[in-house]
Amino acid sequence: MSAADSQRGSPEAARPAPWQATVLTIFPEAFPGPLGLSLAGRGLEKDIWRLATLDIRDFATDRHRSVDDTPMGGGAGMVMRPDVVDRAIRATAERPGPLIYLSPRGRLLTAEVARELAAGPGVRLLCGRYEGVDQRVLDKHEVVELSIGDYVLSGGEMAALVVLDAAVRLLPGVMGNAESPAEESFERGLLEYPQYTRPAVWEGRAAPQVLLSGHHAAIRDWRRAQAEEITRRRRPDLWARYAAQPETAAASGGGAGRDETSRNDQVREQD
Ligand code: ADE
């Protein structure tokens with residue numbers, strides 16, 4: 001991070017330095033992609049975060065700019081070469097943030113991981129292709145592996161976009177107050193309650209009456225009960241963790257709702 005970066009001559013001297021994302025990839029044209037739109041795109045325009053890509057192919061030394069070779073020991077596909085990837089990684093040494101390799105073997109991306117990343121100075125994301133990256137270069141740089149789910153993508157680029165979106169939207173100033181994350185799924189360990197907008201009756205389906213009541217405490221209780229019920233039905237794993245928190249157990253009385261009214265207002269399963 002240069003001095004110019006942290007004191008960008010703006011009138012807001014106290015403004016923090018931009019969060020820096022550095023992506024190592026053989027497909028730099030995949031970025032910013034959808035991150036140039038919507039909340040993340042606004043954040044880029046406002047210089048709350050910055051995105052740099054490094055083309056791993058630029059670190060190849062042969063005539064064909066090759067970045068991969070056949071797997072040692074045999075097998076399908078190609079493996080990214082340690083020497084080429086090593087040079088690319090070393091070129092990012094001065095850039096801030098942990099070095100993360102996107103891989104289905106990694107720690108699962110959760111709201112907590114996104115918050116951890118957003119709280120730091122940025123991130124360096126290594127995108128693999130083919131059958132992966134030679135293990136020795138991952139070991140040498142003590143790379144942290146991160147997965148976006150239990151399925152295999154054809155490369156790390158889509159996963160990198162997901163990781164960046166999940167982190168960047170949490171940076172101060174990216175979401176307006178009106179888009180606060182406080183009510184979102186996972187913020188309190190619960191899935192989000194259902195949302196409605198006008199009209200109050202659409203194709204014969206009425207929105208819940210309580211939302212039109214103007215009674216803020218009743219609305220809050222209804223939303224909480226809905227969030228609890230949806231989580232209990234759809235994600236027993238999250239529910240067990242939520243219900244085990246001491247403050248939650250007291251509030252929910254060990255059940256799904258905080259009171260009889262909300263507990264009786266059951267969510268109908270739609271799938
Ligand atoms: N690369 C390929 N599959 C992936 C996944 N599920 N998560 C992160 N990176 C990947």
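Me: Counting Ala, Val, Leu, Ile, Met, Phe, Trp, Tyr, Cys and Pro as nonpolar, Asp, Glu, Lys and Arg as charged, and the others, Gly among them, as polar, how do the residues of the shell around the ligand divide?

Reply: Seven are nonpolar, four are polar and no residue of the shell is charged. Bear in mind that this is a predicted model: local features need pLDDT of at least 70 and side-chain atom pairs 80 or more, while totals for chains, interfaces and linings use all residues. Numbering starts from 1 along each chain as its sequence is written.

Me: OK, which residues are around the ligand?

Reply: Going along the chain, you have L102, S103 and P104, then S147, I148 and G149, then Y151, V152 and L153, and finally G156 and A159. Each has its C-beta atom, placed from the backbone, within 6 Å of the ligand.

Me: And which elements give two or more residues to that shell?

Reply: Those are β5 and α6, the latter covering 156-168. (Elements are DSSP runs numbered from the N terminus: helices are H or I with at least four residues, strands E with at least two.)

Me: Where does the largest share come from?

Reply: From β5, which puts three residues into the shell.

Me: Switching to the sheet. What's the strand order?

Reply: β2-β1-β6-β5-β7, an open sheet of five strands with parallel pairing. Pairing takes at least two DSSP bridges between two strands.

Me: Which ones are the edge strands?

Reply: β2 sits at one edge and β7 (144-147) at the other, each with pairing on one side only.

Me: How many bridges join β1 to β2?

Reply: Seven, with the two strands running parallel. To find the register, look for T22 opposite A52 in β2, or T25 opposite D55 in that strand.

Me: What about β1 and β6, how many bridges there?

Reply: Five bridges join them, again in parallel, with β1 spanning residues 19-25. Q20 of β1 faces G122 across that pairing.

Me: And β5 with β6, what's the sense and how many bridges?

Reply: Parallel, over three bridges, with β5 taking in residues 99-108. In that pair, L99 stands opposite R124 of β6.

Me: How many residues of β6 are buried?

Reply: Five of its five, so to speak the whole run 122-126. Buried is 20 or more other C-beta atoms within 10 Å of the residue's own (placed from the backbone), exposed is 12 or fewer, partly exposed in between. Both faces of β6 are covered: one side has G122, R124 and L126, and the other has V123 and L125.

Me: How many residues of β1 are buried?

Reply: Six of its seven, which leaves β1 mostly covered.

Me: New topic: helix α2. Which residues are buried in α2?

Reply: A40, G43 and L44, in a helix that covers residues 38-45. They take up an arc of only 100° around the axis, so they lie on the same side of α2. That arc is taken from the directions from the helix axis to the C-beta atoms.

Me: Which exposed residues does the face turned away from the buried side carry?

Reply: S38 and E45 are the exposed residues on that face of α2.

Me: What follows α2?

Reply: D47 comes after α2, and its phi is positive, near 60°.

Methods. Ala, Val, Leu, Ile, Met, Phe, Trp, Tyr, Cys and Pro count as nonpolar, Asp, Glu, Lys and Arg as charged, and the others, Gly among them, as polar.
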